[in-house]
Amino acid sequence: MAGLGKRRPARSRSGVSGLDQPRHASHATSGADSSQGTSELTIHGLAHDGRGVGRHADGKTVFVDGALDGERVRASVHVSRKRFDEAHVSEVVEASPARATPPCPHYGRCGGCDLQHLAVASQREHKVGVLRELMARQGVELLGEIQVLAGDAEGYRRRARLGVRVDSNGRVRMGFRARHSHRLIDLETCSVMRPELAELLAPLRQHLESLEAPRHVGHLELLATDDAVTLVLRQLRQHDGDLERWRVFAGQHGLNIGVWLGRDNPRFEWLSAPERLSCRLRVDRQVLQLGLEPGDFLQANEAVNQCMVDSVVEWLAALPADTPVLDLFAGIGNFSLPLAARGARVMAAEGNAAMVERLAANAALNELTVEARQADLGDATAVERLLTELAPEVLVLDPPRSGANTLCRQLTYRPVPRVLYISCDPATLARDVARLVEAGYVIRRSAVADMFSHTSHLESMLLLEHPDSMRQRQGASAHG
Ligand SMILES: C[S@@+](CC[C@H](N)C(=O)[O-])C[C@H]1O[C@@H](n2cnc3c(N)ncnc32)[C@H](O)[C@@H]1O
């Protein structure tokens, strides 16, 4: 039986890398049979979250962490449920040619990455397959090529939140959570973080150990923007001595430093006068500057974000100047500003008031005109108002993981000629797009963005057109 809250040590008889460390923290067995223990399985596919899929001799499905399609593995069950088991590889008997050596020594324990044992090209193929499959499950076939937008697979992550805990022995832990667990993995290095962030990990831990009250630090956020690295503390209780120590640490390492102070309603303060935070975006030969503040949304991978912006601009390149574009869930203007720079008449809506302010300031900074609005885009009346006011030719939307259920329902009875949907969750994307397709929209372009290499997280983009509504608009402009 799997021990409650215990980890099963994984042994690698074959010496295949990536399996030397257990992938699991604590799993409770959920009642039913976990008597299968360890068994040899053939893996016949990869689940969306990157786990290998196999079957026990009795036909029961097993999801196996660390196993790849086509492999023969010995798998140890750590959770047994009624309809399926969850297991991890204890030995690779026959390895897939796509198996790779994980670049990070923490891989297998740290929950930050789950695909490092798969070659990067195969990770990207897998993501394309996931998008196709999730769409197919909703009855939508993605015909034609799905573009892959990608950058470097290592050293890409420009923002990271690190948990901080002090254990019962007074030892400070700092890092990401272990997979499926609240336990923190003590990070010494990280292969996906930008080097200027990864090199701070060791000094940060040392510094935490030197504080009088490290228990009062909830987490740390690291942010790499153009020409500046920013450290933001979540300080649960004021401790003047420690705040001064942080100020000195930031000075020594050339960091901006700010703090969210207080447990329940934290307020933000800079501890030192910050360098201005900004990110560059290229549009043709123009370079746009986007100013931001800690807490603002920022796409985690600069190179892949630039590819997404390039695709948005390219997919809409045929539109004439002054085309009305409504950019929803606009953040600080990541897509609004490039579209305005290309001559579109952009109205941008975002729910967070501070980001709306920043978006307007960013437009002014780049001498662009963007109408920035604050709106709750889950509210059909607010969306209706925006649609009526602008009568957009193009609607760009980039919602959070929950998707845009209400908005897409509105777009079925109030069609917009072109909809460009950028998504960080392919399941809600598939749900929303199936509704649009049923209402007559046609998918014209699709792409998967490998924003988080070495993880199963996937971003995607689809361009849809509504032919009837396009014809109506063309007819109206021919007569107008
Ligand atoms: C995935 S981010 C995209 C931001 C921006 N498009 C970008 O690329 O940087 C989603 C954005 O939606 C905003 N948001 C989330 N829920 C919202 C809501 N109900 N109404 C309006 N905006 C919302 C968030 O504040 C966030 O800025």
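**Exercise 1.** Which strands does helix 3 (residues 201-210) lie across, and at about what angle does helix 3 run to strand 8?

Solution. The model is predicted.
- Step 1: helix 3 lies across strand 7, strand 8 and strand 9 (217-225).
- Step 2: the angle between helix 3 and strand 8 is about 150 degrees.

**Exercise 2.** Place strand 8 in its sheet and identify the edges.

Solution.
- Step 1: the six strands form an open sheet with mixed pairing, in the order 8-7-9-10-11-12.
- Step 2: strand 8 (172-175) and strand 12 (267-270) each have a single partner strand, so each is an edge strand with one side lacking a neighbour in the sheet.
- Step 3: from one strand to the next, the twist averages 20 degrees.
- Step 4: strand 8 pairs with strand 7 (residues 159-166) in the antiparallel sense, over four bridges. V164 has M174 of strand 8 as its bridge partner.

**Exercise 3.** Which strands does helix 4 (residues 240-253) lie across?

Solution.
- Step 1: helix 4 lies across strand 10 (228-235) and strand 11 (256-261).
- Step 2: relative to strand 11, helix 4 runs at about 155 degrees.

**Exercise 4.** Find the buried residues of helix 9 (residues 405-413), explain why they are on the same side of the helix, and list the elements they pack against.

Solution.
- Step 1: L407, C408 and L411 are the buried residues of helix 9.
- Step 2: these residues lie on the same side of helix 9 because the arc they cover around the axis is only 95 degrees.
- Step 3: the buried residues of helix 9 pack against two helices and two strands, namely helix 8 (380-390), helix 10 (426-438), strand 18 (394-397) and strand 19 (418-423).

Methods:
Residues are numbered from 1 along each chain as its sequence is written. This is a predicted model: local features need pLDDT of at least 70, side-chain atom pairs count only at pLDDT 80 or more; totals for chains, interfaces and linings use all residues. A residue is buried if 20 or more other C-beta atoms lie within 10 Å of its own, exposed if 12 or fewer, and partly exposed in between; C-beta atoms are placed from the backbone. The arc is that of the directions from the helix axis to the C-beta atoms. Two residues are in contact if their C-beta atoms, placed from the backbone, lie within 7 Å. Two strands pair if DSSP finds at least two bridges between them. Axes are lines fitted to C-alpha atoms, for helices over the stretch in contact, and angles run from 0 to 180 degrees between N-to-C directions.
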